[in-house]
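Thank you all for coming. I would like to walk you through one model this morning, beginning with a single residue and working outwards.

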Amino acid sequence: MATVVRVVVLLWVDILAMYAMYVMMEYLTNVWKLGFTHAAAIVNIFWGVVSVSPLLLAYIVDTIMGCYWMLLLSSVSFSVGLGLLTMSTPPVLGRSMGTCREYKPECIGEGQKILFYTALPLIAFGMSGHVTTWNSFMAQQFIQDEEEDDSRRTFWKFFYSVLATIIFTFVAVLALPYVKPWSLRFGIPAICTLVSTLLFLSGSCSYKYFQPPGSPLTMFVRVFVAAVSKLFYRLPRDAKELFEFQNSQFYVGIPHTRSLRCLDKAAIVIPTKPLDEQEKNLWKLCTVTEVEETKTIIRMIPVWLTFILCGVVSAIGFTYFVEQLDHLNHKVGRLKLPSVALLWFFEQSQNQCAKLYAKLANYLAQTGSRKFAPSLGIAISMILAILCCITAAKVENRRLSVVQKHGLVDKPDETVPMTMFWLLPQFILLGAFNGIFNYSAISFFIDQSPVSTRIYLPFFINAVVGVGILGSVLSVFVVGKVSENGGKMNWFQHDMNGSRVDKYYWTLAWLMGINLVIFVVVALFYRYKESVLEDQRGAEFGEINEPYDDNSKGLLCCCC
């Protein structure tokens with residue numbers, strides 16, 4: 001039980017740290033007085049790095065470090081990063097740095113800025129490291145010998161862990177927003193993270209350790225290297241002359257296909273050299289199965305590219321939506337709700353819509369069309385993204401009319417007399433979009449990607465979406481420059497009251513509509529494999545965290 005607590009406590013502090021980063025937009029605009037597009041760029045770059053990094057870190061974990069060391073280093077990075085973030089607030093080091101101690105932009109000196117911009121990449125690495133290794137490390141600790149197996153004890157471990165996580169979630173969402181000083185808002189997660197890191201470190205002698213299993217991504221690199229090394233060799237007319245293991249009792253290969261034949265050169269057997277000698281050099285000779293798995297990944301790239309704009313739409317949720325929400329009326333009667341109250345609706349919409357998609361997939365399975373369910377789910381999520389952008393544009397247009405009516409255009413710090421629940425529809429639509437998209441995208445990867453890469457499925461999807469989040473910074477810059485054509489005012493001014501973010505939302509709606517058409521065309525021409533999924537319940541996917549042996553070719557590492 002002690003081992004479980006030491007590991008689960010890392011998840012608890014992740015929730016607190018997530019809240020600290022969620023309010024970062026508010027901190028930068030209210031305290032630093034940055035323009036909302038500048039603040040959004042900082043936040044989007046942060047979350048983009050957090051989304052892209054796990055793919056690289058997962059490769060490092062599987063080939064070099066192992067789960068424990070990555071989890072430990074990321075926890076230390078997390079603690080240091082949140083500590084520096086707390087120290088960057090004016091009251092903490094204001095006197096020693098010769099600046100004032102109030103939450104004003106003139107109290108932000110060069111020292112605070114250095115601490116702040118040093119803290120962000122450390123926190124990003126900490127978050128990415130936890131995302132990459134927490135599940136795998138937790139699963140390793142539950143691998144027990146047969147004589148130690150106690151399913152009832154395991155159940156209670158998980159029960160108490162989930163219960164404690166729920167309690168901490170409510171504390172983070174309901175209690176922390178009422179803490180006014182920013183030094184405490186960042187300091188509480190920093191202290192909790194430090195305590196959890198020390199607690200995790202104290203159990204180092206009791207954890208179960210495993211050697212890095214190797215990464216299937218190495219195989220893809222080997223195929224390209226082998227193909228390039230035989231660039232001037234001719235392909236045999238008969239594909240059966242390409243190298244493949246023939247022991248069908250232990251190895252099931254993938255049939256050869258005639259697409260992307262340049263990669264087939266990786267499987268050419270050089271007749272002038274002994275086969276045994278060539279087999280030993282994995283970087284010069286690959287099997288047909290390995291080549292075909294690489295081809296499968298390449299064929300999926302056009303589908304992945306349509307996911308990038310989904311990341312751009314997701315980025316507006318924790319930047320511009322938050323900035324809108326921050327200046328609306330939060331009162332319900334005499335009760336003043338925190339900004340993160342709408343997160344509950346967002347999460348519920350995300351979870352419930354994922355379950356609805358799972359029911360749709362099961363219905364299609366009964367008609368023999370399950371393999372098309374992921375593509376249908378992705379298309380539906382894109383439609384929801386379009387509706388979300390349209391709704392956000394309509395609501396923002398109304399907010400601007402209220403701002404002009406009450407003469408608040410030049411008063412960006414004033415509360416707009418408009419209830420926060422006007423933003424509820426766009427938060428619900430954004431949650432529905434994220435829920436269905438994430439679930440259907442994972443289903444698509446499970447069905448169409450090689451079995452050996454399933455452990456990387458969430459990281460692949462997050463990385464593509466992360467590229468979109470990073471791309472949102474560029475999209476705002478480009479749209480702003482285009483909007484200036486003809487001597488017109490840039491849509492993005494210093495604050496939202498003087499900007500036309502509603503037109504940016506309309507632009508995203510049109511771009512997502514075009515993206516939807518492109519996805520439909522790509523999906524229609526995509527060559528689908530039969531689905532390998534059983535009945536889906538909207539919760540989990542089996543076999544994603546199974547280890548991969550990089551040194552073994554005699555495993556069932558093919559697509560079904």
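**From one leucine outwards**

If we set aside the neighbours within four places in sequence, leucine 342 is in contact with Leu325, Met420, Phe421, Leu423, Leu424 and Phe427. Before I go further, please keep in mind that this is a predicted model, and that every value I quote is computed from it. Leucine 342 belongs to helix H15, and with a relative accessible area of 1% it is buried. One of its partners deserves a distance: the C-alpha atoms of leucine 342 and phenylalanine 427 are separated by 7.2 Å, although the two residues are 85 apart along the chain.

Let me widen the view to the helix itself. The 26 residues of helix H15, which runs over 341-366, should span 38 Å at 1.5 Å a residue, and the end C-alpha atoms are 39 Å apart, which agrees. Its buried residues are Ala341, Leu342, Phe346, Ser349, Gln350, Cys353, Ala354, Tyr357, Ala358, Ala361, Asn362 and Leu364. Why might several of these numbers recur at intervals of three or four? An α-helix has 3.6 residues a turn, so residues three or four places apart point the same way. As for what lies over the buried residues of H15, the cover includes H14, helix H16 (373-405) and helix H17 (424-448). Just after H15, glycine 368 adopts a positive phi of about 80°.

Stepping back to the whole protein, we find 19 helices and 4 strands, and of the 560 residues 54% count as buried. Among contacts between residues at least 6 apart in sequence, 83% join residues at least 24 apart, and two further residues give examples of positions set against remote parts of the chain. Asparagine 515, in helix H19 (residues 501-525), is buried with a relative accessible area of 8%, and, not counting residues up to four places away in sequence, it touches Thr306, Leu309 and Met382. Glycine 471, in helix H18 (residues 457-483), counts as partly exposed at 28% relative accessibility, and its C-alpha atom is separated by 8.1 Å from that of glycine 311, 160 residues away along the chain.

I turn now to the charged side chains. How many salt bridges does the count come to? The count comes to 9 salt bridges, and I will take three pairs in turn.

In the first pair I have chosen, the side chains of aspartate 413 and lysine 33 meet at 3.3 Å, N to O. This pair links distant parts of the chain, since aspartate 413 sits in the loop between H16 and strand E4 (416-419) and lysine 33 in the loop between H2 and helix H3 (36-65), 380 residues apart. Aspartate 413 counts as exposed at 52% relative accessibility, whereas lysine 33 is partly exposed at 32%.

The next pair is found within one helix: arginine 399 and glutamate 396 both lie in helix H16, 3 residues apart, about one turn of the helix, and their closest N and O atoms are 2.9 Å apart. Are these two partners buried or exposed? Arginine 399 counts as buried at 2% relative accessibility, and glutamate 396 is buried as well, with a relative accessible area of 0%.

In the last pair, arginine 299 forms a salt bridge with glutamate 292, with the closest N and O atoms 4.0 Å apart. Glutamate 292 is buried at 2% relative accessibility, while arginine 299 is partly exposed at 23%. These two residues also take part in a network of salt bridges that links Arg261, Asp264, Glu292, Lys295 and Arg299.

Finally, a word on open space. The second largest pocket holds about 560 Å³, and 26 residues line it, with Glu26, Lys180, Asp326, His330 and Lys336 lying nearest its centre. The elements that give two or more residues to this lining are helix H1 (2-22), helix H2 (24-30), helix H8 (182-202), helix H14 (320-326) and strand E1 (328-329). By character, the lining divides into 11 nonpolar, 6 polar and 9 charged residues. Helix H14 therefore appears twice in this account, since it contributes to the lining of the pocket and is also among the elements that cover the buried residues of H15.

Conventions: Residues are numbered from 1 along each chain as its sequence is written. This is a predicted model: local features need pLDDT of at least 70, side-chain atom pairs count only at pLDDT 80 or more; totals for chains, interfaces and linings use all residues. Side-chain values use heavy atoms; hydrogens and water are left out. On a 1 Å grid over the protein atoms alone, a cavity is a set of points where a 1.4 Å probe fits but cannot get out, and a pocket is an open set with protein on both sides within 12 Å along at least five of seven lines; lining residues have an atom within 4 Å of a point. Grid points are joined across faces, edges and corners, and a volume is the space filled by probe spheres set on the points. Ala, Val, Leu, Ile, Met, Phe, Trp, Tyr, Cys and Pro count as nonpolar, Asp, Glu, Lys and Arg as charged, and the others, Gly among them, as polar. The expected span of a helix is 1.5 Å times one less than its number of residues. Buried means under 20% relative accessible area, exposed over 50%, partly exposed in between (1.4 Å probe, protein chains only). Contact means heavy atoms within 4.5 Å.
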